[in-house]
Amino acid sequence: MMFARTLFPISARSPAPPRVPSLAPSLAPSLAKPVGLCLALALSQPAGSLAADLSCNSLLEPGQTMICSGFEPNWAIRLSCDGAMSAEFIDAFSGDGIKTTPGSISFATQDPWQLETSHPVTGSIAYTPGGCTDESDRVSDFTFTPTSAPGLSAPFFPFCCRVE
């Protein structure tokens with residue numbers, strides 16, 4: 001008896017329930033492109049961020065330079081990201097001209113970035129979105145607070161850093 005239904009001819013069987021039209025086939029082609037594009041964009045972001053993180057301590061992307069310019073007295077530190085981070089000390093307060101000394105840099109922490117250069121300059125760079133205004137009224141997103149610099153003595157004052 002269990003198999004009796006399968007032995008009846010198809011014409012004697014009860015008809016299948018009617019199908020309800022589905023929206024999926026009509027929406028699939030129109031949604032596939034935007035969803036695919038969003039997915040591709042979302043997945044590509046971490047890879048780009050990871051490259052920047054690995055190259056220059058999550059501070060600069062390859063090819064970027066950060067200049068933190070002090071005033072009274074005039075000096076600056078220039079950080080460059082060319083696969084690895086390097087630092088230059090720019091001295092405009094001793095002698096007749098501006099002297100630039102290349103050097104290395106190391107970071108103890110990130111955000112804020114505690115740094116030490118071979119010059120030796122020490123201090124920290126903090127991310128302060130739109131929170132630093134220099135003497136020319138230029139607004140910057142980073143603030144450098146030095147704790148030591150060659151030829152300078154305390155007190156040290158924070159100053160702005162710009163990314164180029």
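In what order do the elements of the protein run from the N terminus on? In this predicted model, the order is α-α-β-β-β-β-β-β-β-β-β. The protein thus contains two helices and nine strands, with the helices placed ahead of the strands in the sequence.

Burial and surface were computed for the whole protein. Of its 164 residues, 27% count as buried. The exposed area comes to about 10900 Å², and carbon and sulfur atoms account for 62% of that area. Among contacts in the protein with a separation of 6 or more, 34% are between residues 24 or more positions apart.

At the level of single residues, Thr-122 was examined in detail. Thr-122 belongs to strand S7, which covers residues 122-133. The relative accessible area of Thr-122 is 18%, and because the limit for burial is under 20%, Thr-122 is classed as buried.

Two side-chain polar contacts of Thr-122 were found. In one of them, the side chain of Thr-122 is joined to the side chain of Thr-147 at 2.6 Å. In another, the partner is the side chain of Ser-148, at 2.7 Å. Both partners also appear among the residues in contact with Thr-122 once neighbours within four places in sequence are set aside. That set includes Phe-144 and Pro-146 as well as Thr-147 and Ser-148. Leu-115 and Glu-116, which precede Thr-122 in the sequence, complete the set.

Definitions and conventions:
Residues are numbered from 1 along each chain as its sequence is written. This is a predicted model: local features need pLDDT of at least 70, side-chain atom pairs count only at pLDDT 80 or more; totals for chains, interfaces and linings use all residues. Side-chain values use heavy atoms; hydrogens and water are left out. Helices (H or I, at least four residues) and strands (E, at least two) are DSSP runs, numbered from the N terminus. Buried means under 20% relative accessible area, exposed over 50%, partly exposed in between (1.4 Å probe, protein chains only). Contact means heavy atoms within 4.5 Å. Accessible areas come from the Shrake-Rupley method with a 1.4 Å probe; for residues, only the protein chains shown count as cover. A polar contact is a pair of N or O atoms within 3.5 Å; within protein, one must be able to donate a hydrogen and the other to accept it, and residues adjacent in sequence count only if both atoms are side-chain atoms.
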